[in-house]
Amino acid sequence: MDSVRELTLQKEDRYLSDLAQKCRDTKGRAVPEEEDALRTAYQRDRDRIIHCNAFRRLQHKTQVFLSPYGDHYRTRLTHTLEVSQIARALAVGLRANEDLTEAIALGHDLGHTPFGHAGERALDAVVSFGFHHYEQSLRVVDVIEKNGRGLNLTWEVRDGILHHTKDEFPHTLEGRLVRHADRIAYLNHDIDDAIRAGLFTEEDLPAHIRDVLGKRKSERINTLVLSTLEYTGAEVDMAPAVREAYEELNEYMFANVYTNPVCKGEEGKAVLIVQDLYNYFLQRPEEMPEDYRRIAETDSPERGACDYISGMSDRYALRMYEKLFIPSPWA
Ligand code: MG
């Protein structure tokens, strides 16, 4: 009798489009493994990501607003879940591989530093090898998780994680869908958070954007998803008018949120915290947890400190900073 996994693979053969990445055709893992009876390789990759430590730390990492007190602001974790949901909707609509899409989406931001892009820039400025969250996401799954053994993910999931942003595109349609869904998710949820923060109101969004994309978040996501389904072939695309309004929205968000002094006001402090922590542990690798001490010894002290600091959640970094640099009052 066929295993459940084999039945899933047969379903993929029958159902997925010619542009989809079938799990049968995976380039596989760096270290070959026995197949699972129940799950395909991509389903196992998704599960490994959900169960890893870095995934749980996403709940206390900044998306845009630094360590917000309000419980309704996005964190890296809720952002990741929204990306996954949008990307899977696209995958189902295009008969792409939903499991592969989900695995890439859940893993794409694992390498984000504390304090969002401010933390990323802070590390990039001090390490000699440069720091980018998408490269670090791959490093997390390849060499940091599981006490240095890594998650041994398939080639396609690793490729999608590494190429989810910046110049190079993923080799699979599923990877390109995640890349697209990431942007749909953050532009829309950041509008929601910016309104929550009082930066602007729904009615302040330029009329042209509201007319083309919609007047509420759910309407806008719906417009973007449906247009993507209609216009995507091998390459991800949308209707020209939608694409234009979407780029306009992107510019609006950069001008009003991503570079807004009100919400970026604390970022300078976040940069100093990250760099102070980095310099501290660069000088004292013996004070880091064992996994990072080992990286400092076998790779370099720079790499060990960078991996340790970049893995910290906002609140862990703040507590560590307080412990190391702020004297406790005499009790
Ligand atoms: Mg993201």
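## Exercises on a predicted model

With a relative accessibility of 30%, Arg88 falls in the partly exposed class. Keep in mind that this is a predicted model. Let's start with that arginine.

### Exercise 1: Arg88 and its partner

**Task.** Find the residue whose side chain meets Arg88 in a salt bridge, and work out which parts of the chain the pair ties together.

**Solution.**
- Step 1: Look around the Arg88 side chain for a carboxylate. Glu98 is there, with an N to O distance of 3.0 Å.
- Step 2: Place both ends. Arg88 belongs to helix α4 and Glu98 to helix α5, so the bridge ties together parts 10 residues apart in sequence.
- Step 3: Check the accessibility of Glu98. Its relative accessible area is 29%, so Glu98 counts as partly exposed.
- Step 4: Widen the view. Arg88 and Glu98 belong to a network of salt bridges that also links Asp36, Arg39, Arg46, Asp47, Asp99 and Glu102.

### Exercise 2: More salt bridges

**Task.** How many salt bridges does the structure hold, and where do the two ends of the Glu6–Arg24 pair sit?

**Solution.**
- Step 1: Count them up: the structure has 31 salt bridges.
- Step 2: Take Glu6 and Arg24, whose closest N and O atoms are 3.1 Å apart. Glu6 is in helix α1 (residues 4-15), while Arg24 is in the loop between α1 and α2 (41-50), so the two are 18 residues apart and the pair links distant parts of the chain.
- Step 3: Classify Arg24. At 39% relative accessibility, Arg24 is partly exposed.
- Step 4: For another case, go to Arg216 and Glu219, whose side chains meet at 3.5 Å, N to O. Glu219 has a relative accessible area of 32% and is partly exposed.

### Exercise 3: A lysine without a salt bridge

**Task.** Lys61 has no salt bridge; work out what its side chain reaches instead.

**Solution.**
- Step 1: Locate Lys61 in the loop between α3 (53-57) and α4 (76-93). Lys61 is buried.
- Step 2: Search for opposite charge. The nearest such side chain is that of Asp314, 7.2 Å away. A salt bridge needs the nitrogen and carboxyl oxygen within 4 Å, so this pair doesn't qualify.
- Step 3: Try the backbone. The Lys61 side chain gets to the backbone oxygen of Ser310 at 3.1 Å.
- Step 4: List the surroundings. Leaving out residues up to four places away in sequence, Lys61 touches residues including Leu110, His112, Ser310, Met312 and Asp314.

### Exercise 4: The magnesium site

**Task.** Identify the donors of the magnesium ion and give their spacing in sequence.

**Solution.**
- Step 1: Collect the coordinating atoms: NE2 of His79, NE2 of His108, and OD atoms of Asp109 and Asp182, at 2.2 to 2.4 Å.
- Step 2: Write the spacing as a pattern: H-x28-H-D-x72-D.
- Step 3: Map the aspartates. Asp109 is in the loop between α5 (98-107) and α6 (116-126), and Asp182 is in helix α9 (residues 173-196), so these two tie together parts 73 residues apart in sequence.
- Step 4: Check burial: Asp109 and Asp182 are both buried.

### Exercise 5: The nonpolar core

**Task.** Which residues of the largest nonpolar core touch the most other members?

**Solution.**
- Step 1: Recall the general background: nonpolar side chains tend to be buried together in soluble globular proteins.
- Step 2: Rank the 84 residues of this core by contacts with other members. Leu110, Val157, Met253, Val257 and Phe281 come out on top.
- Step 3: Sort the core by element. Helix α9 gives the most, with nine residues.
- Step 4: Zoom in on Val157. Setting aside residues up to four places away in sequence, Val157 touches Tyr42, Asp45, Ile49, Leu100, Ala103 and Ile104.

### Exercise 6: Positive phi

**Task.** Arg95 and Asn152 have positive phi values; is each of them buried or partly exposed?

**Solution.**
- Step 1: Read the angles. Phi is near 55° for Arg95 and near 50° for Asn152.
- Step 2: Place the residues. Arg95 lies in the loop between α4 and α5; Asn152 lies in the loop between α7 (133-144) and α8 (155-162).
- Step 3: Compare with the cut-off: buried means under 20% relative accessible area. Arg95, at 37%, is partly exposed, whereas Asn152, at 16%, is buried.

Key. Residues are numbered from 1 along each chain as its sequence is written. This is a predicted model: local features need pLDDT of at least 70, side-chain atom pairs count only at pLDDT 80 or more; totals for chains, interfaces and linings use all residues. Side-chain values use heavy atoms; hydrogens and water are left out. Helices (H or I, at least four residues) and strands (E, at least two) are DSSP runs, numbered from the N terminus. Buried means under 20% relative accessible area, exposed over 50%, partly exposed in between (1.4 Å probe, protein chains only). Lys and Arg count as positive and Asp and Glu as negative; His and the chain ends are not counted. A polar contact is a pair of N or O atoms within 3.5 Å; within protein, one must be able to donate a hydrogen and the other to accept it, and residues adjacent in sequence count only if both atoms are side-chain atoms. Contact means heavy atoms within 4.5 Å. Donors are N, O and S atoms within 2.8 Å of the metal (3.2 Å for Na, K and Ca); water is not among the atoms, so sites may look incomplete. A nonpolar core is a set of buried Ala, Val, Leu, Ile, Met, Phe, Trp, Tyr and Cys residues joined through side-chain atoms within 4.5 Å.
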